[in-house]
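Here's a quick tour for anyone meeting this protein chain for the first time. Have a look at it, then read on.

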Amino acid sequence: MAPGSFVRGVQSPTHPIAVTLGSTSTSGDSDPANHQASSTLSLGSTELDKDFVLIILVKETGDPKALVETHDTILNQRAMLLTLVPKFSLPPAHPEIVFVADRSGSMRGQIPTLKSALKVFVKSLPVGTKFNICSFGSRSSFLWPKSQPYSRDSV
């Protein structure tokens, strides 16, 4: 990171890593700097069976950033991360959610659990969100002909 930036943390939701804040793998014994951090795989190596995701948490996330990392032992090997944060405002979203519920024979004995789960989901909707419930078995049907805004009356 550029001097003046502040690295708050480094994490990976996909792989176990060890993190050192204040220095990089090439900075040696130099004084710690809040714009530097490094990470290594905790297990030493890993299978490449999924993407490696590294999240760098910085103080000012709205500023464009460029990070370049050089390889310690392979000449002319670099990795670059470029972050451009667009500045715009979106109008508030008013989604419509349709829950699809299976009430076919395969759900025999599970309908009470289905109803309980639907209650949890519906009660977690923001007030005013339009929703409906479509259920199917030997035929399909909707709770209402047209989705309704979530309110105490619609539950």
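## Overall layout

Helices (H or I, at least four residues) and strands (E, at least two) are DSSP runs, numbered from the N terminus. By that count, the protein chain has one helix and 10 strands, and reading along the sequence gives β-β-β-β-β-β-β-α-β-β-β.

This is a predicted model, where local features need pLDDT of at least 70, side-chain atom pairs count only at pLDDT 80 or more, and totals for chains, interfaces and linings use all residues. Residues are numbered from 1 along each chain as its sequence is written, and side-chain values use heavy atoms, with hydrogens and water left out.

## Inside the core

Of the 155 residues, 21% count as buried (under 20% relative accessible area; exposed is over 50%, partly exposed in between; 1.4 Å probe, protein chains only). The largest nonpolar core (buried Ala, Val, Leu, Ile, Met, Phe, Trp, Tyr and Cys residues joined through side-chain atoms within 4.5 Å) has 11 residues, including Phe-99, Leu-118, Trp-144 and Tyr-150. Strand E7 (96–102), helix H1 (111–123) and strand E8 (130–136) each give two or more residues to this core, and H1 gives the most, with three.

What does Phe-99 touch, leaving out residues up to four places away in sequence? Among its contacts (heavy atoms within 4.5 Å) are Leu-118, Val-122, Phe-131 and Cys-134.

## On the surface

Now for the outside. Val-68 sits in strand E5 (residues 65–70), and it counts as exposed because its relative accessibility is 52%.
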